[in-house]
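Please open the model in your viewer and keep the sequence panel visible beside it. This tour proposes a series of selections and states what is found at each one.

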Amino acid sequence: MDSNAFEAVAIINGTKVYGTVGLESSVTAISNISLSVAKGKFIAIMGPSGSGKSTLLHCMAGLDNLTEGKVSIGSVDLSRLGDNDLTKLRRSYVGFMFQSFNLLPTLDAKQNILLPLTLSNSKIDTDWFNHLVDLLQIKDRLNHKPFEMSGGQQQRVAAARALISKPTVIFADEPTGNLDSKSGNSLLEILRNSVHELGQTIVMVTHDANAASYADEVVLLKDGQIVNIVYSPTQKSVIDALELLGS
Amino acid sequence: MFKTVLSGLKSHSRRLIASSLAVALGVSFVIGTLVFTNTLKLAMIQSFAQGDQNISVAVLPRVKTSAFSDRSSGKRPELPLSMLNEIKSVPGVEAISGQLIGPAVILDSSGHAFSGRGSQFGVAMPSDSRFKWIEVTSGHAPINGQQVAVDSNTLATLNLTIGDTIKIVGISGLAETYTIVGEINVGLAKGFQSSSVAAFVLPTAEIVTGATGYREIDVIAKPGISQTQLATNIANAIGPSAVVETGAQKTLNDENSVIQRASAFENALLSFAVISIIVAALVIANTFRVLVTQRSRELALLRLIGASKKQVFFSIILESGVVGFIASIVGIFIGLLIAFILHTLFKSIGAGLPSTSLQLSLSTIIYGILVGTVTTVVASLLPARTATKVSPIAAFGSYSDTNVGKGFTKKRIAWAIGSLLLGGFLILANLGANASLPMIAIGGGLILVSYMIFGPLFVKPLATFLSFPFKSFSVTTNLGKLNTIRNPSRAASTSAALTIGLTLVTLFSVVASSLTASISSTILKNFPYDFIVTSAGANTVPPTVVTSITKTNSFQSIYELRTANMEINGISVNAAGLTPNLLISSNPTVSSGSITNFTNGNSVVLSDSFAKKHKFTIGSVVTISVPPTTITSKTPSFPCTVIATVSGVNFFNSVNLPVSVFTKYDPSIGDDAIFLKASKIVPLSTAASRLQSTIDSYPLLRAQNVGYYVNKLTSNVNKALALFTALLALALLISFIGIANTLSLSIFERTKEIGLLRALGLTRTQISRMLKFEGILLATIGALSGITIGILASYGIVLVLHAQGVTVFSVPISLLVIYFVVAGLAGMFASTIPARRAAKTSPVVAISYEG
Ligand SMILES: Nc1ncnc2c1ncn2[C@@H]1O[C@H](COP(=O)(O)OP(=O)(O)OP(=O)(O)O)[C@@H](O)[C@H]1O
Ligand SMILES: [Mg+2]
C-alpha cells in the first residue's frame, strides 16, 4: 500500500513482541495491526488495560521499533530511518502529550512551548504563538515554571507545545487522565477545534468514553488487535462498544 | 531492619559504586603510604644491620648526628684523624676502620660534572672487607693512590667498566685521573641513596675530600673479647670526648633513627592522604544526600507503616557502614598496588633498596578499614538526619529534585558566619612571626564550612557567567546550565570537592611563583652583574679562584658570597659572608643603623625580622662562633658589633658578615657565588674569554649570566611545587569521580525528563552534549572558586612572608588558566560514562507513568 497525500500516519501489518520472539516469556503487545489515519482526523484508541494501546501509539510515533511491519508518517517510511533521522523527524513532524511529566521542570512555560522550535532551529511564528496562548488561556502563565502551575494549566502548556510546530500528527496518551472533568473537557475541546479548524491530525489513547466522544473515530483494541471501529462516536455508543468488547 | 537495608543496598548498589570508589581511593592512599614506608623502614633497618653485622664497637662524635644528616650542610662534628691510631693500640682490637666522607665529583666523558645521580662523594675504602658499610661487589678495593672503586649504578650510567680511567674533582676544584679497579655497593642505609660514590685508599681520600676527621670509627674485637669489654677498654683510652657504643647498641640506635626519619616522611605523605580522605568524605556525603532525597517516598512509606525516626536513621548509618567497609577492603587492594608501583619505581631509579617484600601488617589493614568505614559513616550522619525529617505524608506527594534546597534558615546562616569569622580570626591570629600551621589549617577548615553553606548562592551567577561564552551555541548548553543550577546546593557540594584541591594547588602555585618572582626581582634589581661564577652540585667555588680572577684585570667589581653555619650569641644560623660592597651596592632598605661601616670588619648586619625576634639592638656587641669541625678543635669565637638591620632583601641571610671575618676564622670555606662586573676599559667579550680560561681548569665551575643564577636558586621551589601538585593529584581525581557520581545520580532521577527530551527531538548526541556541559560547568565552578580562594589565601601568606623577603605577589596567570581549562576538560571527561548512559535512554520511558 502506497502512502497517499491524504494520509498523516499509517501502520501496516504491525507486530510488536517484547522479549525474544518464541520464548515463553515474550509478550506480543500488538499483532498484525494495520491502521491508516487520514490528515485532519481525530482518532481515539480504546481498549482494556494491557490491550496494547500505548504500544501501538509508541510504534506509530517512531519512539519504539516494530518487530514486524512498517509505519509511515506523512510520506516517510520510519523503518528506513536511523535514530538521528527519527529524532529529527519527531522535532518537526510529531507532537506529543502525555498523562503526566509533560514539561521540563527547569524551563518556564514559554520556553517549554517553544522547545520543539528551539531544537530544530526554526523561526518562531509569533502570530501563531500568540494565537495558541490566547486560545489555551495561558498568556499570564508564560513565565511560570511547571511546578508553579496547576495540572490543567500544565496540560494546556503541553498542548501548546504539541501544536506550535504544526506537526503532521499529534500523539496523546491519556492527556486528560490526571485532570478533573471540567479542565479535561476544555482541553479536549481545544484538541477537537485544532483538528476541525486548523486541520491538525491527532491520535489519542484514552480510557474515558467521554474523552473518546470528542474524536472522529474510536478504534477499539483487544489482545493487541483492532476489534472494532466506532465512527462519529458519542459517549453512549462508545460505552456500548466497550461493553460488547468485554463480553 | 537489617534485611531492608541490605535489599535497599542491592537495589541501588550501582548508584553507590562511584562514591565507594572515592572512599576506596582515599583509603588506598593511606594504605599505600603505610605499606610503602613500612617496607622502606624494614629495608633500611636490614641494610643497616647488614652494614653493622661484624662491628664489635663503634665510636661516634659526642654531638649526636643521625646517619642521615644532611650532607650538603657542610662540616659537622667529626672524630680527629689521630684518634684512629689511638684506638688501634687499645688491647683487644683486631681490625679498625674510619668512615671518611667528603665531596668528590665524577666527570663524564665530555669533562662535565656527572649530574645523572644525586650528590657525589668520596670515601675512604675500609681496610678490611669485614667492614660492610661499603662492599666491593666485583674487582677489588683500591690499593694505591691511582686507583678508585666506584658504585655500580654510576659506572653503569657512565658506561664504564673496571680497567677504565675516570676523572674526579675533589676539594681543590681540579680534576685528577684514576683507574677503576672495583665496583662497590653502598647501602641505602648509609645515606648514600642515589648518590655517586668513589672510594679511595685512606690517604688519597683525605686529600681528595679535604676531610679532617671521621664520622665514625668501627672496630672488630679479637676472638674471645666481648663487645662490652672492648667498649670499656676503648672508652678508657680515649676519654669522654667521643661516644663509644657496642655493635648491639649501634644496631639498635640505627634502627631508631631509621624509624624516626621514616616517620617524618610517612607523616608528610599521610597529611596529603588526609586531604584525599576529606574530599572522599564530601563525595560520600553528597551521594547519601542525593539518595535520601531520591528515596524520600520510600522512606515516607516506611515511616507511614510504622518505622521510627531512629530506625530510619540507623538504617542509613548501617548502609553507609557496609558501603564504607566494602570500599575500605577495595582500597586496601588498590593501596597495595600503589605501594608495589612505588617500590618498583624506587628500585628502578637505583635507590639501592635491598629486596624486601611489601610489608602489609594486620594493624595496617585494621587502620585502613577503620579510616574508610568511620569516614563513610561520619559523612552520612547529616544525610541520615535529613532522612529522619521526611514526613510520612510525603508518601502521597510526588517528588521533584528541583528546588529542594533547604533554604537559608537562620541557624545555617549563623553557622556560616560564625565559622567564617572564627576561621578568619584563627588564620589572622596565627600568621606572622610565630605562625602555627595546625591553627591555620583549622581556620581553613572553618572557612570551608562556611563556603559549603554559602556556596549554593554562588552557583547560579557562576554558572551563568561560565556558560556565557556558549550562550549562542545551542539549546543543549542552555539545558545543561539550567540542570546545573536547578539544585544549587547539590552543585555546590559536588564542586566543593574540587574546590579544596584547587585551592591548595593554587595556593602552592601562587606562593611558589611569588617566591620565585621575589628572588629574581631582587637579584635582577640589586645585582646588575655581567657574570656569576658558581660550582656544580653542592660544591663551592675554591677560595683560590677569586685571586686568579683578580689577576685578569678585567673586572671592576669582584664580589664574593659564601655561607656557613654559625652561632650568634648561641643561636644557630646560616650566616652569609660577603664582600662589603656587595651588600652596600645592592641598596637594601636599611631599617635602623647604617651599613656604610660594613667595610670595617667585625661588624654584622642583621635582617630586620631576625633582629626583632631575638631583640638585638644597634651598637650591641654579639659573639659569633664557628662550630667545631672536629671534636677536639676549639671553637673560634669573636665579637662583632651590630651596625644595621635591613629588610626586604630576601637574597641575604639573617646574619651577614664581611667576608674577611669568614676568612679569618675558617679559610677553608669556599664561595657560593662570585659576582662579576666587567671593567669599562675591556670589551665584554674579552672579559668573558679571560674569565673562561681562568676557570677552565676547574671542571665544576661555571660562569653564567644572572638569569641562570636565578634559575639555580629557584629550581628547588619549582621542584617542590611539582611534588605538592603530584601528591594532590589523587584528591583531584577523587573530586572528578564525585562529579561523575553526581551526574549519574541525577540521571537516575531524570530518566523521564531525558526520555521526554528524546521524544521531543533531542538526538542522542545532543543529550550527551548536554550532560558533558553539565560536567564542564560543575568542574569549572569548582575550579574557579578554588582558584579564587587560593589566590586570596596566598595573598595573605605572601603578606605574612614579606618580612622573610617574599616582597612580590605574583599570580602565575597562564598556569592558573591551564588548571582551569584542564579542570573543565576533566569535568567533561568525568561526564562521559553518565552521558553515554543518558544517551541510551529510550524516549518511551517518558510516556510510561509508573515511578
Ligand atoms: N517494555 C515492556 N516489556 C515487556 N512487556 C511489555 C512492555 N511494555 C508493555 N508490555 C506488555 O505489552 C502489553 C501491552 O502493553 P501496553 O502498555 O501497550 O497496554 P495498554 O493498552 O497501554 O495498557 P494500559 O491501559 O494499562 O496503559 C501488556 O501485556 C504489557 O504487559
Ligand atoms: Mg497504556
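Begin by selecting Asn13(A), which is found in strand S1 (residues 7–18) of chain A; helices (H or I, at least four residues) and strands (E, at least two) are DSSP runs, numbered from the N terminus. The model is a predicted one, in which local features need pLDDT of at least 70 and side-chain atom pairs count only at pLDDT 80 or more, while totals for chains, interfaces and linings use all residues. Residues are numbered from 1 along each chain as its sequence is written, chains are lettered from A and ligands numbered from 1 in the order in which they are written, and side-chain values use heavy atoms, with hydrogens and water left out.

**Backbone angles in chain A**

Remain at Asn13(A) and examine its backbone. What is the phi of Asn13(A)? Phi is positive, about 50°, although Asn13(A) is not a glycine. Most residues other than glycine have a negative phi. Asn13(A) is partly exposed, with a relative accessible area of 41%; buried means under 20% relative accessible area, exposed over 50%, and partly exposed in between (1.4 Å probe, protein chains only).

Next, select Glu174(A), in the loop between strand S7 (169–173) and helix H6 (181–198) of chain A. Glu174(A) is another residue other than glycine with a positive phi, here near 45°. Is Glu174(A) buried or exposed? Its relative accessible area is 13%, so Glu174(A) counts as buried.

**Two loops of chain A**

Move to Pro48(A), which lies in the loop between strand S3 (42–46) and helix H1 (53–60) of chain A. Pro48(A) is partly exposed, and its relative accessible area is 39%. Which residues does Pro48(A) contact, leaving aside its neighbours within four places in sequence? They are Lys53(A), Leu221(A) and Leu245(A), where contact means heavy atoms within 4.5 Å. Then add Ser79(A) to the selection: Ser79(A) and Pro48(A) are 31 residues apart along the chain, and their C-alpha atoms are separated by 28 Å.

The second loop holds Glu148(A), between helix H4 (126–135) and helix H5 (151–164) of chain A. Glu148(A) is partly exposed, with a relative accessible area of 42%. Select Pro105(A) as well: from C-alpha to C-alpha, Glu148(A) and Pro105(A) are 9.9 Å apart in space, with their positions 43 residues apart in sequence.

**Chain A as a whole**

Now display all of chain A, which has eight helices and ten strands. Its C-alpha trace spans about 50 × 40 × 35 Å along its principal axes. With 247 residues, a compact globule would have a radius of gyration near 18 Å, and the 18 Å of chain A agrees; this radius is taken over C-alpha atoms, and the globule rule is 2.2 Å times the number of residues to the power 0.38. Of the 247 residues, 55% count as buried. Among contacts in chain A with a separation of 6 or more, 68% are between residues 24 or more positions apart.

**Chain B and its strands**

Turn to chain B, whose secondary structure comes to 25 helices and 24 strands. Buried residues make up 52% of its 851 residues. In chain B, residues 24 or more positions apart account for 82% of the contacts with a separation of 6 or more.

Select strand S3 (residues 93–99) of chain B: six of its seven residues are buried, so the strand is largely enclosed by the rest of the structure. Six bridges join S3(B) to strand S13 (residues 216–221) of chain B, and the two run antiparallel; strands pair if DSSP finds at least two bridges between them. Within this pairing, Ile96(B) has Val219(B) as its bridge partner.

Keep S13(B) displayed and add strand S1 (residues 57–61) of chain B, in which five of five residues are buried. S1(B) and S13(B) pair in the antiparallel sense over three bridges, with Val57(B) opposite Val219(B). Val219(B) therefore appears in both pairings, as the partner of Ile96(B) in one and opposite Val57(B) in the other. Five bridges also join S1(B) to strand S14 (residues 242–246) of chain B, again antiparallel, and Ala58(B) is partnered there by Glu245(B).

**Last stop: a covered helix**

Finally, select helix H14 (residues 475–485) of chain B, which is mostly covered, with ten of its eleven residues buried. The buried residues include Val475(B), Leu479(B), Leu482(B) and Ile485(B), and Lys481(B) is also one of them.
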